[in-house]
Amino acid sequence: MTIKNICCIGAGYVGGPTMAVIAQKCPNIKVTVVDINESRINQWNDPNVEKIPIYEPGLSDIVKEARGRNLFFSTDVDKAIDDADMIFISVNTPTKTYGIGKGMAADLKFIELCARQIARVAKDDKIVVEKSTLPVRTAEALKNILDNTGNGVNYQILSNPEFLAEGTAVDDLMNPDRVLIGGDIDSPEGKEAVEALTDVYAQWVPRERLLTTNVWSSELSKLTANAFLAQRVSSINAMSELCEKTGADVNEVAKAVGMDSRIGPKFLKASVGFGGSCFQKDILNLVYIAKSFGLNEVADYWEQVILMNDHQKKRFAANMVKAMYNTVSGKKIALLGWAFKKDTNDTRESAAIYVADYLLNEQAEIVVYDPKVTEEQIYSDLDYLGSRSGDANRQAVTVVNDPLEACDGAHAVAILTEWDEFTTLDWQKIYDQMLKPAFLFDGRRLLEPETKKKIGFEFYAIGN
Ligand SMILES: NC(=O)c1ccc[n+]([C@@H]2O[C@H](COP(=O)([O-])OP(=O)(O)OC[C@H]3O[C@@H](n4cnc5c(N)ncnc54)[C@H](O)[C@@H]3O)[C@@H](O)[C@H]2O)c1
Ligand SMILES: O=c1ccn([C@@H]2O[C@H](COP(=O)(O)OP(=O)(O)O[C@H]3O[C@H](CO)[C@@H](O)[C@H](O)[C@H]3O)[C@@H](O)[C@H]2O)c(=O)[nH]1
């Protein structure tokens, strides 16, 4: 079967870029991305393509090429479902904030709503693709809802987790390490569905990178991949603390360890702590699943990755206070970077939020500069924590559009996101405009230390 019409429910960080690339690579397929968030859809349709809601290098060019040709953004979810032969579900699956599994389990209410809407609307057979990251065996629940509430049409459920990382989404989608497709390969209909999706990706991904598994392996592989990646970051961050006590340098340790081909060099960069919408959520979900099967040792093992990360964020902020004579009350501190990593405007679970919150509890005055994050987003992130009133956050935190302005008159500067532009700032000028001693805390091992020390900074870097 040849796919002619794709619908993707959810126009977020995954749905938007993924569908833009499918549309660009498969001009014969009509791709419609739908969302209930009208303002998000309006932004995707903005005539000025630079105003699409997600910042990713290379994305606006792709949207420019495909939008209006075979890529469409709409709020008419019913129509897009009705028209499609293949429906991707790419809605958010955040950690539950209420009820059973609060703070651990994935909240599947948005997924269930999609399933019920598909069941209500569909009048002919559909292939439903799980693109969202889901607990293992979610496909079973989806199939139950579709079969029991639907109009008697047939559904094939595939699992096709997304492995893109933000900031490199377009490259990751164009040239993925692998594309994972889980399906019911033992039945002819399941096999046909897997082949249909495989054919879509085969338009640009070499066949040997298209991997087929059963549905449960595919669902669990996504959680496993994120757990392994986050574990590497927590492992090197654990060593960063030991380096600071012993005179070892975490960058040197990472290099030496990573040159072992069995270990490899990637994901060994010590930092102020990992952020992003996925790692914490997916590991908590994994821990919850393990506990629900009574696998307490498995759960404890993975939970430690999160505990280590929480410790790293807190320890970085605590070290700042300690270095500044145990008080930052009334002191101006410039935070350079708010996004959870460079080349994205996404701030979900960014370490910067927690560092700022810690320093605000110590009564610091914070000034933030980030090249891609809006003032509104920064306040909303702090308000969401609920540590103090919105007014108090607006009083103690200022957001500026210029890094030098952020640092002007500050007691300390902290690098919290590894934006390239921070390496080429005029650090002499920044030093001259700061109060002395001028403290510089590098939470990303971004800056070259010797030149900064030579300028006169009191320089501290993670793992050194
Ligand atoms: N962000 C990433 O880098 C990334 C990478 C791989 C996988 N994932 C997974 O992909 C999924 C989506 O993540 P995201 O970052 O794109 O989330 P997101 O919050 O950016 O986007 C989800 C979108 O779905 C919409 N939505 C929710 N319910 C809907 C409904 N019933 N009908 C129509 N639209 C609806 C929301 O309005 C939102 O715009 C999650 O499961 C996530 O874990 C994310
Ligand atoms: O050596 C490293 C690598 C990463 N990080 C931090 O870890 C976080 C996550 O980074 P990254 O994994 O590059 O970005 P994400 O967009 O969160 O992507 C992860 O999460 C996605 C959502 O599930 C998956 O699709 C991706 O494969 C997986 O890499 C960020 O705060 C990084 O700064 C480090 O501190 N040190």
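Me: Let me start with the ground rule: UniProt positions are given in the numbering used here, feature names are shortened, and annotations may be inferred rather than shown by experiment. So which residues does UniProt list for "domain: UDP-glucose/GDP-mannose dehydrogenase C-terminal"?

Reply: The unreviewed UniProt entry puts that domain at residues 334–449. Keep in mind that the model we're looking at is predicted. In it, the span 334–449 is 36% helix and 16% strand, and its end C-alpha atoms lie 18 Å apart.

Me: On to the ligands. How many residues surround ligand 1, and which are the closest?

Reply: For a shell like this, a residue is in if one of its heavy atoms lies within 4 Å of the molecule. Here that gives 25 residues around ligand 1, with Asp35, Arg40, Thr93, Glu166 and Lys281 as the closest. Sorted by class, the shell around ligand 1 holds nine nonpolar, nine polar and seven charged residues.

Me: Which polar side-chain contact does Thr93 offer to ligand 1?

Reply: The test is a pair of N or O atoms within 3.5 Å. Thr93 passes with a polar side-chain atom 2.6 Å from an oxygen atom of ligand 1. The backbone joins in too: a polar backbone atom of Val14 sits 2.9 Å from an oxygen atom of ligand 1, and one of Ile36 is 3.4 Å from a nitrogen atom of the ligand. As for cover, ligand 1 has 840 Å² of accessible area on its own, and the protein covers 93% of that.

Me: Same drill for ligand 2, please. How many residues surround it, and which are the closest?

Reply: Ligand 2 has 21 residues around it, and the closest are Phe163, Leu164, Ser271, Cys278 and Arg444. They split into 11 nonpolar, three polar and seven charged.

Me: And which polar atoms of Ser271 and Phe163 come up against ligand 2?

Reply: Ser271 uses its side chain, with a polar atom 2.6 Å from an oxygen atom of ligand 2. Phe163 uses a polar backbone atom, 2.7 Å from an oxygen atom of the ligand. Glu162 also takes part through a backbone N or O atom, 3.3 Å from an oxygen atom of ligand 2. On its own, ligand 2 has 690 Å² of accessible area, of which the protein covers 91%.

Me: Where in the fold does the shell around ligand 2 come from: which helix gives the most?

Reply: Helix 9, with four residues. Helix 9 runs over 215–246 and helix 11 over 279–292, and each supplies at least two residues of that shell. At the domain level, domain 1 (5–213) and domain 2 (308–461) each contribute at least three residues.

Me: Staying with helix 9, is Ser240 buried or exposed?

Reply: Buried means under 20% relative accessible area, and exposed means over 50%. Ser240 has 0% relative accessibility, so it counts as buried. Its place is in helix 9, and its side chain reaches the backbone oxygen of Asn237 at 2.5 Å.

Me: What about Thr246: buried or exposed?

Reply: Thr246 is in helix 9 as well, but at 53% relative accessibility it counts as exposed. The Thr246 side chain reaches the backbone oxygen of Leu242 at 2.8 Å, and a polar atom of that side chain lies 3.4 Å from the backbone nitrogen of Ala248. It also shows why sequence and space should be read separately: Thr246 and Asn464 are 218 residues apart in sequence, yet 9.0 Å apart in space, C-alpha to C-alpha.

Me: Backbone oddities next. What is the phi of Asp343, and of Glu349?

Reply: Look for positive phi in a residue that isn't a glycine. Asp343 has a phi of about 65°, and Glu349 has one of about 60°. Asp343 sits in the loop between strand 9 (332–336) and helix 13 (351–361), and Glu349 is in the loop between strand 9 and helix 13 too. With relative accessible areas of 22% for Asp343 and 26% for Glu349, each is partly exposed.

Me: Where is there a cis peptide bond?

Reply: Check omega. Between Lys436 and Pro437 it is about -5°, and the bond there is cis. Pro437 belongs to the loop between helix 17 (427–433) and strand 13 (439–442).

Technical notes:
Residues numbered from 1 in each chain as written. Chains lettered and ligands numbered in written order. Predicted model: local features only at pLDDT ≥ 70, side-chain atom pairs only at ≥ 80, totals over all residues. Heavy atoms only, no water. Polar contact = N/O pair within 3.5 Å; in protein donor to acceptor, adjacent residues only side chain to side chain. Areas by Shrake-Rupley, 256 points an atom, 1.4 Å probe, with all protein chains shown as cover. Nonpolar A, V, L, I, M, F, W, Y, C, P; charged D, E, K, R; others polar. Domains from an automatic or database assignment. Buried < 20%, exposed > 50% of the residue type's maximum accessible area, 1.4 Å probe, protein only.
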